[in-house]
Amino acid sequence: MDIERLKSFLVGGVNSPVRAFLNLGIEPPIFERSEGAYLYDISGKKYIDYIMSWGSLILGHRSNEFIKQLNFAISNYDSFGATSIIELKFAEFICKTQKLDMIRMVNSGTEATMTAIRLSRGYTKRKKIIKFSGNYHGHYDAFLVKAGSGQMTFNISISEGVNSSILEDTIVCEYNSIDQVKAAFDKYGDDIAAVIVEPIAANMGVVIPDKEFIIFLRKICHEYNSVLIFDEVITGFRIAYRGAREYFGVEPDLVTFGKIIGGGLPCGAVAGKREIMNKLAPIGNVYQAGTMSGNPIVMGVGLNVLNILYSNNQIYSQLEELALKFEEELSSILNKKGISYVINRCASMMTIFYTNKRQIKNYSDALESDINLFNRVTKTLIKNGIFIPPSQFEALFLSLSHSLMDIEKTIEIFNII
């Protein structure tokens with residue numbers, strides 16, 4: 001009854017397509033409460049949550065630190081629509097600890113990536129960008145070709161409503177293909193404003209690129225004076241405090257953030273080199289604005305979470321230990337059942353691909369996964385209180401609130417598949 005009421009007022013009953021569970025053929029649970037590693041639906045049923053607001057909640061749901069800071073914030077301010085002292089504290093902390101020159105706060109990952117592209121074009125005076133098949137950078141028009149994530153789930157290679165003239169300036173290369181990037185620069189190099197990449201992909205499932213590929217992107221962007229953008233909306237602060245930049249030891253020109261930096265509240269950011277960032281208005285002529293950008297409640301909560309992550313070195317080792325245990329247990333049960341699979345994991349995010357391939361290295365590899373088997377397994381898990389992403393082409397996430405008991409319970413349910 002409740003899902004039908006939702007469908008009367010929300011398109012498909014949801015505010016983001018993958019939440020509809022259309023590929024699974026079941027009604028999605030409707031939640032009303034969260035705590036730690038768990039979600040509770042409107043019937044009171046408890047789920048172990050491995051979505052964690054799509055990676056946002058690295059501390060878990062409603063951590064004590066989150067609640068304390070949120071209560072302080074709403075007791076002292078709401079939204080100023082003007083500059084606040086907490087924005088300064090947030091910006092100073094993130095720039096210093098992330099080793100970045102400047103930052104501009106926005107309200108979502110999509111807003112961050114579209115700003116990064118506009119900024120790169122304004123800085124270079126060029127039109128074209130390179131993106132990679134299976135990389136999702138939000139629903140900005142220029143990104144919606146072979147964009148991974150929900151588009152892969154619904155088999156939409158290019159969204160309707162996007163003008164072909166916009167996509168003419170988007171060059172799509174295969175992820176992990178040095179040869180394709182080199183060919184694109186050989187042909188269009190003088191007009192390529194930027195290369196935007198998920199330095200560790202999470203939107204065609206988790207795919208870790210060859211280090212040589214990331215190093216090559218840095219080298220060729222420098223050679224052609226193009227802007228290298230790392231989209232770390234998902235990987236930032238999750239795989240390491242400094243994300244993929246720390247993981248690979250490679251520094252982009254711009255980096256985009258989201259998810260974790262708001263502590264679970266809506267937030268995004270673009271940051272990077274001063275000479276590029278200063279092209280943004282009001283210093284430069286690249287326009288970007290937002291009433292809720294730098295919202296003091298979000299800044300306060302986000303700063304508190306980032307301070308915890310920065311100050312406690314053991315957090316990432318704890319997450320690694322838990323994730324490794326989960327991976328090992330999953331591998332053991334799938335092997336016993338004779339199911340062909342590849343598990344791609346980086347730190348506390350991972351994807352199980354049901355496939356006969358030996359490895360998943362790009363979009364084409366990911367598309368060869370057994371979607372029917374994925375759907376069957378996922379339906380069983382969700383019906384038994386294990387809330388994992390409803391798409392083969394997403395990542396599942398662990399948090400500090402997950403326990404070994406949660407993993408054991410999850411493996412028990414895998415055992416009945």
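Modeller: A salt bridge is a side-chain nitrogen of Lys or Arg within 4 Å of a carboxyl oxygen of Asp or Glu. Keep that in mind as we look at this predicted model.

Biologist: Happy to! What makes D186 and K182 a salt bridge?

Modeller: Their side chains meet at 3.4 Å, N to O, and the cut-off is 4 Å, so the pair qualifies.

Biologist: Where do D186 and K182 sit relative to each other?

Modeller: Both belong to helix α8 (residues 178–188), and because they are 4 residues apart, about one helical turn separates them.

Biologist: Why is D186 called exposed?

Modeller: Its relative accessibility is 53%, and exposed means over 50%, so D186 earns the word. K182, at 41%, is partly exposed, because that label covers values between 20% and 50%.

Biologist: How do you know that D253 and R218 form a salt bridge?

Modeller: The closest N and O atoms of D253 and R218 are 3.0 Å apart; the limit is 4 Å, so this pair counts as well. D253 lies in the loop between α10 (243–248) and β9 (254–257) and R218 in helix α9 (residues 211–224), so the bridge ties together parts 35 residues apart in sequence.

Biologist: Are D253 and R218 buried or exposed?

Modeller: Both D253 and R218 are buried, which means under 20% relative accessible area. They also join K273 in a network of salt bridges.

Biologist: What makes E329 partly exposed?

Modeller: E329 has a relative accessible area of 27%, which falls between 20% and 50%, so partly exposed is the right term. Its side chain meets that of K325 in a salt bridge at 3.0 Å, N to O.

Definitions and conventions: Residues numbered from 1 in each chain as written. Predicted model: local features only at pLDDT ≥ 70, side-chain atom pairs only at ≥ 80, totals over all residues. Heavy atoms only, no water. Helix = DSSP H or I, 4+ residues; strand = E, 2+ residues; numbered from the N terminus. Buried < 20%, exposed > 50% of the residue type's maximum accessible area, 1.4 Å probe, protein only.
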